[in-house]
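Biologist: I have a model on screen and want to learn how to read it. Where do we begin?

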Amino acid sequence: MGKEIIRFEDVTVTYGAIQALQGVSLSVEEGSIVALIGANGAGKTTLLNALTGVVPVKSGHIYLRDEEVTNLKSHIIAQKKVAHVPEGRRIFAELTIEENLRIGAYTLYKDKGKIEELLEMNYQLFPILAERRKQLGGTLSGGEQQMLAIARGLMSEPDVILLDEPSLGIAPIVVEKIFEFIVHINKMGKTIFLVEQNANLALETASYVYVLETGRVVNENKSEILLQDDTIQKVYLGL
């Protein structure tokens with residue numbers, strides 16, 4: 001077993017009377033790709049939002065590199081080298097690609113040289129963004145916006161990248177390309193925690209997978225083992 005970089009211990013999140021997360025425990029190893037799969041409304045996005053301080057944790061504990069970060073503010077989590085690429089991309093439509101990327105580097109604002117270096121790295125990683133750097137974010141296709149959202153996350157020089165539904169609303173051929181980027185970014189040394197409704201993609205990409213149902217982890221294992229699981233095949237893979 002490698003070193004844990006993220007750990008949830010018995011985490012509960014409520015929205016009024018609704019329990020969105022019910023005693024969730026899971027961990028993510030440093031340098032790995034770990035996926036969280038489940039149907040709409042299972043609590044997948046809530047889990048990421050609990051880690052990044054977007055929603056309050058009612059009970060339980062969240063750790064980052066063995067340091068408790070439960071209910072810390074989002075900007076403090078970002079300073080701990082965690083980047084959150086949210087569902088729906090949420091890029092700034094009225095800003096150019098380059099302006100969007102520079103905003104992603106706000107935690108490094110004092111280090112102009114580092115920002116230029118990260119810009120160049122992202123332009124090499126995503127050549128389409130380099131070609132269109134002066135184009136407004138809102139004029140990009142869904143796939144291009146997803147690339148921009150991932151690149152913006154990388155601009156903060158994170159150790160951990162949280163990806164929420166990167167395949168959502170994107171043409172299948174482009175999804176394939178984006179998942180190639182995800183694997184490449186992982187090989188660059190980034191830990192990736194991937195929330196994905198497309199179970200096939202998640203199981204093909206991640207080394208370890210958790211299954212969330214109505215706010216509870218109901219299954220977990222190495223992806224190659226879950227691929228052979230009858231329940232996973234019927235419920236999530238349609239086999």
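Modeller: Begin with one side chain. This is a predicted model. Lys114 lies in helix α4.

Biologist: Is Lys114 buried or exposed?

Modeller: Buried means under 20% relative accessible area. Lys114 has 19%, so it counts as buried.

Biologist: Which residues is Lys114 in contact with, leaving aside its neighbours within four places in sequence?

Modeller: Those residues are Leu108 and Glu157. With Glu157 there is also a polar contact: the two side chains are joined at 3.1 Å.

Biologist: Next, helices. How do I read the buried side of one?

Modeller: Start from the repeat. An α-helix has 3.6 residues a turn, so residues three or four places apart point the same way. Now take the case here. In helix α3, residues 97-104, the buried residues are Ile97, Glu98, Asn100, Leu101 and Gly104. Their arc around the axis is only 160 degrees, which puts them on the same side of α3.

Biologist: What covers the buried residues of α3?

Modeller: The cover includes three helices: α4 (112-125), α5 (127-131) and α6 (142-154).

Biologist: Now sheets. In what order do the six strands of the open sheet stand?

Modeller: Read across it: β6-β7-β8-β3-β9-β10, with mixed pairing. The edges are β6 (82-85) and β10 (216-222). Each has a single partner strand, so one side of each is left without a neighbour in the sheet. Neighbouring strands here are turned by 15 degrees against each other on average, direction ignored.

Biologist: Pick one pair inside that sheet. How many bridges join β3 to β9?

Modeller: Four bridges join β3 (residues 33-37) to β9 (residues 208-213), and these two strands run parallel. For one residue pair, look at Ile37: its bridge partner in β9 is Val211.

Biologist: Which strands of this sheet does helix α1 touch?

Modeller: Helix α1 (residues 44-51) packs on the sheet and touches β3, β6, β7 (160-164), β8 (191-195) and β9. Its direction makes about 150 degrees with that of β7. Helix α6 packs on the sheet as well, touching β6 and β7. The direction of α6 makes about 165 degrees with that of β6.

Biologist: There is also an open sheet of four strands. What is its order, and what is the pairing?

Modeller: The order is β2-β1-β4-β5, and the pairing is antiparallel. At the edges stand β2 (18-29) and β5 (67-68). Each has a single partner strand, so one side of each lacks a neighbour in the sheet. Strand β4 (residues 59-64) pairs with β5 over two bridges, in the antiparallel sense. Within β5, Glu68 is the bridge partner of Tyr63.

Biologist: Which strands does α1 lie across here?

Modeller: Helix α1 lies across β1 (4-15), β2 and β4. It runs at about 115 degrees to β1.

Biologist: Last topic: backbone angles. What is phi of Arg65 near?

Modeller: Phi of Arg65 is near 50 degrees, a positive value in a residue other than glycine. Find Arg65 in the loop between β4 and β5. Its relative accessible area is 33%, so Arg65 is partly exposed.

Biologist: And where is Glu165?

Modeller: Glu165 sits in the loop between β7 and α7 (172-187). Its phi is near 55 degrees, again a positive value in a residue other than glycine. Glu165 is buried, with a relative accessible area of 3%.

Terms used:
Residues are numbered from 1 along each chain as its sequence is written. This is a predicted model: local features need pLDDT of at least 70, side-chain atom pairs count only at pLDDT 80 or more; totals for chains, interfaces and linings use all residues. Side-chain values use heavy atoms; hydrogens and water are left out. Buried means under 20% relative accessible area, exposed over 50%, partly exposed in between (1.4 Å probe, protein chains only). The arc is that of the directions from the helix axis to the C-beta atoms. Contact means heavy atoms within 4.5 Å. Two strands pair if DSSP finds at least two bridges between them. Axes are lines fitted to C-alpha atoms, for helices over the stretch in contact, and angles run from 0 to 180 degrees between N-to-C directions. A polar contact is a pair of N or O atoms within 3.5 Å; within protein, one must be able to donate a hydrogen and the other to accept it, and residues adjacent in sequence count only if both atoms are side-chain atoms.
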